[in-house]
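Q: I'd like to learn how to read a structure from its features. Could we go through one together, step by step?

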Amino acid sequence: MASQKLVLALIRAARPTFRNQNDKIAFAVHSSFLASGYVLTATGPQALSDDAFSDPSNDEVSVDHWNELNDEYAFVYANPEKGSEKVLVKCLVMNDKLLVHALTQGSSEPLSLEIDVGDYAEEDGGSNYSQQFKNLDKLVKRIDGDILSKLDGSAKASSSSRSSETSDRTRQEIPDPVAGFGEPADPPTQIIFPSVPIGSGSDLVPGPAAGVFPSRGGHGIGGSMLVGPNDPRWFGGIGGDPAFPGGLPGVPPGARFDPYGPPGVPGFEPNKFARNPRRPGYDAHPDLQHFRRDADSDYI
């Protein structure tokens with residue numbers, strides 16, 4: 001942090017020649033940067049050249065030619081203790097004010113400070129530099145508060161940002177754990193199939209409501225109440241499997257089926273599903289002939 005005594009000591013050591021009050025304030029700004037640890041790498045017309053920022057050299061130069069420009073001052077600084085980024089400082093004269101702008105290398109937003117020259121520079125002071133300034137302590141504090149401290153803060157924020165970006169890249173390079181390695185994967189979903197009776201018994205035991213249990217249809221077992229000419233009941237085995245010769249047992253008691261198919265479809269003619277005629281002396285419905293009328297009945 002710059003102080004009044006250190007800034008004044010630097011001005012006395014440089015012994016600059018002031019042409020007017022604007023020179024005094026501009027040189028006080030320059031001395032404040034030096035007091036804060038910055039090194040002057042370019043000044044005057046050289047500081048306004050296109051390669052002032054791109055020049056990799058951080059060698060310190062003399063302050064000669066610092067006030068050669070009319071109503072304008074330019075300085076380029078580097079701070080070895082805070083990285084290799086450079087800072088361009090321009091001071092522009094506007095009426096009775098000196099407008100100070102500081103731009104860090106790689107930044108697009110300059111820091112600005114407006115100084116009323118008459119509040120800090122004496123009109124004359126002879127060869128005694130302490131008498132050529134007034135309120136120098138207040139001026140140094142303004143330069144430090146509005147520019148120098150903010151430059152230090154932006155440098156720390158830039159360093160923190162680079163560290164954060166490096167950390168983010170490191171995290172991105174670490175692959176996420178694969179299921180089975182590290183954290184356990186989600187447990188498999190358990191599917192429970194209800195028992196399905198072989199043949200047409202599923203007509204006697206209706207299935208559960210939708211969404212309660214999965215269906216087991218399509219495996220050649222079970223079945224619905226609709227029986228067609230290609231139903232495995234009419235052929236040997238289950239679904240044509242020769243391991244079950246003779247076909248399935250007949251329709252069990254209480255089973256229901258529709259013997260009539262869609263009209264006009266070959267293989268579904270009504271005569272293919274003809275009902276056995278009612279037996280003499282038995283007045284029960286044909287679908288109920290499986291039950292004995294009495295103990296002496298010969299009907300099955």
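Q: Which pattern does the protein chain follow when read along the sequence?
A: Happy to start there. This is a predicted model. Along the sequence, the protein chain runs α-α-β-β-β-β-β-α. In total the chain has three helices and five strands.

Q: How much of the protein chain do buried residues make up?
A: The general idea is a cut-off: a residue is called buried when its relative accessible area is under 20%. In this chain of 300 residues, 29% are buried.

Q: Let's try that on one residue. Is Ser 36 buried or exposed?
A: Ser 36 is buried, because its relative accessibility is 18% and the cut-off for buried is under 20%. As for its place, Ser 36 sits in the loop between α2 (21-35) and β1. There is also a contact to look at: a polar atom of the Ser 36 side chain lies 3.1 Å from the backbone oxygen of Ser 32.

Q: Where is Gln 132 found, and what is its relative accessible area?
A: Look in the loop between β5 (111-116) and α3 (136-173), where Gln 132 is found. Its relative accessible area is 7%, so Gln 132 is buried. You can also compare sequence with space here: Gln 132 and Tyr 120 are twelve residues apart in sequence, with their C-alpha atoms 8.8 Å apart.

Q: Now for charges on the surface. Which residues form the negative surface patch?
A: To read a patch like this, remember that Asp and Glu count as negative. In this model Asp 50, Asp 51, Asp 55 and Asp 59 form a negative surface patch. Take Asp 51 as the example: this residue is in the loop between β1 (39-43) and β2 (72-78).

Q: Why does Asp 51 count as partly exposed?
A: Partly exposed is the class between under 20% and over 50%. Asp 51 belongs there because its relative accessible area is 45%.

Q: Last topic, backbone angles. What is the phi of His 65?
A: For this feature, check both the sign of phi and the residue type. The phi of His 65 is positive, about 70°, although this residue is not a glycine. His 65 lies in the loop between β1 and β2 and, with 49% relative accessibility, counts as partly exposed.

Q: And what is the phi of Asn 135, and where does that residue lie?
A: Asn 135, a residue other than glycine, has a positive phi near 55°. Asn 135 lies in the loop between β5 and α3. At 49% relative accessibility, Asn 135 counts as partly exposed.

Terms used: Residues are numbered from 1 along each chain as its sequence is written. This is a predicted model: local features need pLDDT of at least 70, side-chain atom pairs count only at pLDDT 80 or more; totals for chains, interfaces and linings use all residues. Side-chain values use heavy atoms; hydrogens and water are left out. Patches are made of residues with over 30% relative accessible area and no salt bridge: like charges are joined within 9 Å, nonpolar side chains (Val, Leu, Ile, Met, Phe, Trp, Tyr) within 5 Å. Accessible areas come from the Shrake-Rupley method with a 1.4 Å probe; for residues, only the protein chains shown count as cover. A salt bridge is a side-chain nitrogen of Lys or Arg within 4 Å of a carboxyl oxygen of Asp or Glu. The place of a charge is taken as NZ of Lys, CZ of Arg, CG of Asp or CD of Glu. Helices (H or I, at least four residues) and strands (E, at least two) are DSSP runs, numbered from the N terminus. Buried means under 20% relative accessible area, exposed over 50%, partly exposed in between (1.4 Å probe, protein chains only). A polar contact is a pair of N or O atoms within 3.5 Å; within protein, one must be able to donate a hydrogen and the other to accept it, and residues adjacent in sequence count only if both atoms are side-chain atoms.
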